[in-house]
Amino acid sequence: MSTALESLLDLLDLEQIERDIFRGTSRSAVVPRVFGGQVAAQALVAAGRTVPSDRTAHSLHSYFLRMGDPGAPIIYSVDRIRDGRSFTTRRVVAVQHGQPIFHLSASFQTYEEGLEHQADMPPAPDPETLPTAEQMLPQYADAFTDPGVMDRLLEARDAVDLRYVGAPPFASVGTPQEPRSQVWFRTNGKLADDPLLHVCMATYVSDMTLLDSVLLAHGRGGWTVGDVVGASLDHAMWFHRPFRADEWLLYDQESPSASGGRGLGQARIYTQDGRLAITVIQEGVVRVPRD
């Protein structure tokens, strides 16, 4: 297991300071604020800590309310909304400096048999044939106005092996493309068998590239390039089938719409053997900077 992955796991191991109240810290991000995937994953950890172990997360719905301060702890307060015979519902509010910065509702379910069908996995190359972040990112160093962005991007990829299928947005500035993108990802090391951990790790990664398709549609490089400004607004996930975040997962993403200073991304995450594991939808602020 890489040192960076150990650090990320420590980040997700929240401190319980009271019944249903947890405290988390932050790690450095590519932009100077708390990474949205981090606060979403930590909130799901907090919710899961109050749920019986035989119930696994099947959905979450969340809103990003304020920019998070990476230098301050985050307090997660869990509200036990309902404990039913099959489903358990939790609401989590993340607070910094006395104000809510994030709100999450999550639902958990006991295992049961049911009807089965799924959308087919789209074609994608073998992840082992694609370049790693260390091999790919230095090719585009000139695209970043801030020379520190490259180091921060590489640091963000230390814990998670994320490989682009095709060029990332910052590699094709000025050339609008089809609003679709794919990445393969897995953690840089083996994880414990706790299903909650794998769900939380996928939640963390899901915020890294989902709005890329919005940028590709307009030939924009993104926040790291500086030709758009933006932030996540809301994030929803449905967990359909068991998966492991330490095994390759295909993140197939597209953007059906952008308007009003907002862009929508939707995606499906498949296991390498073709099982549909997760559906993700996110809307974010995507604005062109004013001169």
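Are Phe 185 and Tyr 251 buried or exposed? Both residues are buried. The legends below describe views of a predicted model.

**Figure 1. Overall view of the protein chain in the predicted model.** The chain is built from six helices and twelve strands. Its radius of gyration is 18 Å, close to the 19 Å that the globule rule gives for 291 residues, so the chain is as compact as a globular protein of that length. Taken along the principal axes, the C-alpha atoms fill a box of roughly 55 × 45 × 40 Å. Buried residues make up 51% of the 291 in the chain. Among contacts between residues at least 6 apart in sequence, 73% join residues at least 24 apart.

**Figure 2. Buried and exposed residues of helix 1 (residues 3-12).** The buried residues of this helix are Ala 4, Leu 5, Leu 8, Leu 11 and Leu 12. They lie on the same side of helix 1, because the arc they cover around the axis is only 115°. Thr 3 and Asp 10, on the other side of helix 1, are exposed. The cover over the buried residues includes helix 2 (36-48), strand 8 (180-187) and helix 5 (195-206).

**Figure 3. The largest nonpolar core and a separate, second core.** The largest core holds 67 residues, and those touching the most other members are Val 39, Tyr 76, Phe 102 and Ile 278. Helix 2 gives the most to this core, with eight residues. Apart from the largest core lies another core, of six residues, among them Leu 130, Trp 184, Trp 248 and Leu 250. In soluble globular proteins, nonpolar side chains tend to be buried together.

**Figure 4. Surroundings of Phe 102 and its pairing with Phe 64.** Not counting residues up to four places away in sequence, Phe 102 touches Val 39, Ala 40, Ala 43, Ser 62, Tyr 63, Phe 64, Leu 65, Val 92, Val 93 and Ala 94. A search of the whole structure finds three aromatic pairs. Phe 64 and Phe 102 form a tilted aromatic pair, with 5.0 Å from centre to centre and 55° between the planes. Phe 64 belongs to strand 3 (residues 55-64) and Phe 102 to strand 6 (residues 99-110), so the pair ties together parts that are 38 residues apart in sequence. Phe 64 counts as buried at 15% relative accessibility, and Phe 102 counts as buried at 1%.

**Figure 5. The aromatic pair of Phe 185 and Tyr 251.** The ring centres are 6.2 Å apart and the planes stand at 70°, so the pair of Phe 185 and Tyr 251 is edge-to-face. Phe 185 is in strand 8 and Tyr 251 in strand 10 (residues 249-259), so the pair ties together parts that are 66 residues apart in sequence. Phe 185 and Tyr 251 are both buried.

**Figure 6. His 235 and its contacts in strand 9 and beyond.** His 235 is located in strand 9 (residues 229-239). With a relative accessibility of 2%, His 235 counts as buried. A polar contact of 2.9 Å joins the side chain of His 235 to the side chain of Ser 206. Leaving aside neighbours within four places in sequence, His 235 is in contact with Leu 60, His 61, Ser 62, Phe 64, Ser 206, Asp 207, Leu 210, Val 280, Ile 281 and Gln 282.

Conventions:
Residues numbered from 1 in each chain as written. Predicted model: local features only at pLDDT ≥ 70, side-chain atom pairs only at ≥ 80, totals over all residues. Heavy atoms only, no water. Buried < 20%, exposed > 50% of the residue type's maximum accessible area, 1.4 Å probe, protein only. Helix = DSSP H or I, 4+ residues; strand = E, 2+ residues; numbered from the N terminus. Arc of directions from axis to C-beta. Contact = heavy atoms within 4.5 Å. Polar contact = N/O pair within 3.5 Å; in protein donor to acceptor, adjacent residues only side chain to side chain. Core = buried A, V, L, I, M, F, W, Y, C linked by side-chain atoms within 4.5 Å. Phe/Tyr/Trp six-rings, centres within 6.5 Å; stacked < 30°, edge-to-face > 60°. Rg over C-alpha atoms; globule rule 2.2 N^0.38 Å.
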